[in-house]
Amino acid sequence: MSGTCLLCRAPVTRRTVQRHAEGCLRSSGWPVGKKPSFLIRVQDRYNKSYWLVVLARHDARLSDLDCLIRDVWVECCGHLSAFTIGGETYTSGDDIGDDMAVPLDRLLLPGSSFDYEYDFGTTTELELKVIGAAPVAPPEGPLCLIVRNDPLPIACETCGNRADFRLLDYSKGASGSFFCRECITSADPDLESAEIIENSPRSGVCGYAEDPVAAIRWYPPGWSAEDIVPEDLQEMLGIASQSDLEDDLLPAEDQMSDAEVRSMMDAVDSDIGEEVARFIGEEQAAHGEIFASMAEETVLSFCTFLYGLYRRDIRKWDAPVVRRCLLEEMVQNPIFPDEWPKNAVPILCRFLAHMSAAGRLQNAAELIGALKGAEPVFRKAATSPEKYHDLSRRLLERARDEGVDVKDRNSMLDFILREVTAMAGMDPDAEEYLGELKEMVLGNAAVLDIEHLRAEMILLRCEEFCSRLEDDTILDWCAALVKDLTAHPAPPLSRGDGVLWSAAIVYAACRDAGLIRRARGGSPLAQEISTFFDVRLSSIRNKVSGLKQYLPDTPGEDD
Ligand SMILES: [Zn+2]
Ligand SMILES: [Zn+2]
Ligand SMILES: [Zn+2]
């Protein structure tokens, strides 16, 4: 039942925590917020020994709280989650900024109780309650973890001291047996089935493993990951250091030689290459060039993983293997166009249907069912913010590993562009496209961050649309808009769907040029933009009206 105040490191109990926390926060020297912050207690519904207290700024969003809970306690494979507050359910969405984008002070009052669920399969159920308020706000970010329960006292089976490890023995049921660091080696000399006992209500559930590096982001200043899970325990298990873990996240392709990858691709090509090509042709006819190249990348890497990595030709594909390929291999694609996560599964399903119609697949319906079932998890995992976050750093590390002179702009840029074409679903063989991209990036002083590349991609798509117009007036407008948006301190272009940004920018430019007028039945040009970018007109209009706040005052921005 006891916990530790993460500000002063004093022991606290559930009974004393409110008074202690309010007092400790008063003397913390943390900034006073515009409005009081919430003190929220989070506890497991069934085992109340697991509990946390979080300080939440009044305008922290549900999604922030979701993020904290995941990082500190529950995240295993990117399952969905939901809060239930006053009979209303707020689910973690496919797109950031969905249901959970609501600020807490719109939902909570002093004393409010609410619920949280993570993973609707093997669910972790939590109860939350506003137990107090504080005038101060967290020093960094919207939330800060300020109290956490101490690790549960579990005794070593051999010596009775505090256990550090759980030994999984499926023949003895799910809970396993527990040992301290001294006794574990006699029970399991190679530590093959030992796990560190997690301080989490999700301990032992699904693929859960405590992630101290993720959790530490929510701690007050002065704590390190080592304080949460001692490094020596991790070393005993041979758990890789953080940098090794990052290497594991790279796609399998990167760890293979080019020759190996080529021979894997040859195997696909000689068996089903013709059908794949026919499918890409159909995609191009139905959805246009951009989608065709995305479809090609998606289908080829899917088949290459299955043929090469899993040694399964199309006759041996079954539901578990395609699901695994999607969730373990495809999901790791480190760089992709924004529209890829939501299109990857539909593309693969169309591909499977195509192969079935071509008589190459007997069980297409079953495979399609498996992919569709796995799609929510896939989309969530493929777009997890950590992935974006790590991207630049990872690229930098890889560049160093490969001996690229990272201080030299040109060689670094070449490296990144090479990586991008190798790994992404962008058009792989359009040399001039890459050349153009490179020229643009080089022509600009601020280079070499992914956000910048992203802005360039957004503008390139605008350009593709504008090529149908008589002159460059609209394109110049688009360029000016992209420039303004990039200059904004909140860089709005770095978030959200890139294609939708392109569409909104073209739309705003056309409207400002007087080409889109309010008309019964809609403006034909607006319709054309919607069709070209394959985005609903209402979404474009929403995005356009959201644009205003990022732009310097412009006359005529009144609708
Ligand atoms: Zn304290
Ligand atoms: Zn899981
Ligand atoms: Zn022991």
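Select helices α18 and α19 in this predicted model and display their side chains. On the α18 side, Val-499, Ser-502, Ala-503, Val-506, Tyr-507 and Cys-510 make the contacts; their partners in α19 are Leu-525, Ala-526, Ile-529 and Phe-533. Two packed helices are described by the angle between their axes and the distance between the axes. Here, the axes of α18 (residues 498–512) and α19 (residues 524–533) come within 10 Å and cross at roughly 165°. Because angles over 145 degrees count as roughly antiparallel, α18 is roughly antiparallel to α19. The crossing of α18 and α19 is right-handed.

Next, select the zinc ion designated ligand 1. Which residues coordinate the zinc ion (ligand 1)? Its ligating atoms are the SG atoms of Cys-5, Cys-8 and Cys-24 together with NE2 of His-20, at 2.0 to 2.3 Å. The 4 donor atoms subtend angles of 101 to 117° around this ion, and the arrangement is therefore tetrahedral. Along the sequence, the donor residues follow the spacing C-x2-C-x11-H-x3-C. Cys-8 is found in the loop between β1 (2–5) and β2 (11–13), while Cys-24 belongs to helix α1 (residues 17–26), so this pair ties together parts that are 16 residues apart in sequence.

With the same site still in view, colour Cys-8 and Cys-24 by accessibility. Is each of them buried or partly exposed? Cys-8 has a relative accessible area of 38% and is partly exposed, whereas Cys-24, with a relative accessible area of 13%, is buried.

Move now to the zinc ion designated ligand 3. The protein donors of this ion are the SG atoms of Cys-156, Cys-159, Cys-180 and Cys-183, which lie 2.2 to 2.4 Å from it. Angles of 98 to 117° between the 4 donor atoms make the arrangement around ligand 3 tetrahedral. The spacing of these donor residues in sequence is C-x2-C-x20-C-x2-C. Select Cys-156 in the loop between β9 (143–149) and β10 (165–167), then Cys-183 in the loop between β11 (177–179) and α3 (184–187); the pair ties together parts that are 27 residues apart in sequence. Cys-156 and Cys-183 are both buried.

Finally, select the whole chain and switch to a cartoon view. Its secondary structure comprises 20 helices and 12 strands. Of the 559 residues in the chain, 48% are buried. Where contacts link residues at least 6 apart in sequence, 66% of them join residues at least 24 apart.

Key:
Residues are numbered from 1 along each chain as its sequence is written. Chains are lettered from A and ligands numbered from 1 in the order in which they are written. This is a predicted model: local features need pLDDT of at least 70, side-chain atom pairs count only at pLDDT 80 or more; totals for chains, interfaces and linings use all residues. Side-chain values use heavy atoms; hydrogens and water are left out. Donors are N, O and S atoms within 2.8 Å of the metal (3.2 Å for Na, K and Ca); water is not among the atoms, so sites may look incomplete. Four donors count as tetrahedral if all angles lie between 85 and 135 degrees; four count as square planar and six as octahedral if opposite donors are over 155 degrees apart and all others between 65 and 115; anything else is irregular. Helices (H or I, at least four residues) and strands (E, at least two) are DSSP runs, numbered from the N terminus. Buried means under 20% relative accessible area, exposed over 50%, partly exposed in between (1.4 Å probe, protein chains only). Axes are lines fitted to C-alpha atoms, for helices over the stretch in contact, and angles run from 0 to 180 degrees between N-to-C directions. Angles under 35 degrees count as roughly parallel, over 145 as roughly antiparallel, 65 to 115 as roughly perpendicular and the rest as oblique. A crossing is left-handed if the near helix is turned anticlockwise from the far one by less than a right angle, and right-handed if clockwise. Contact means heavy atoms within 4.5 Å.
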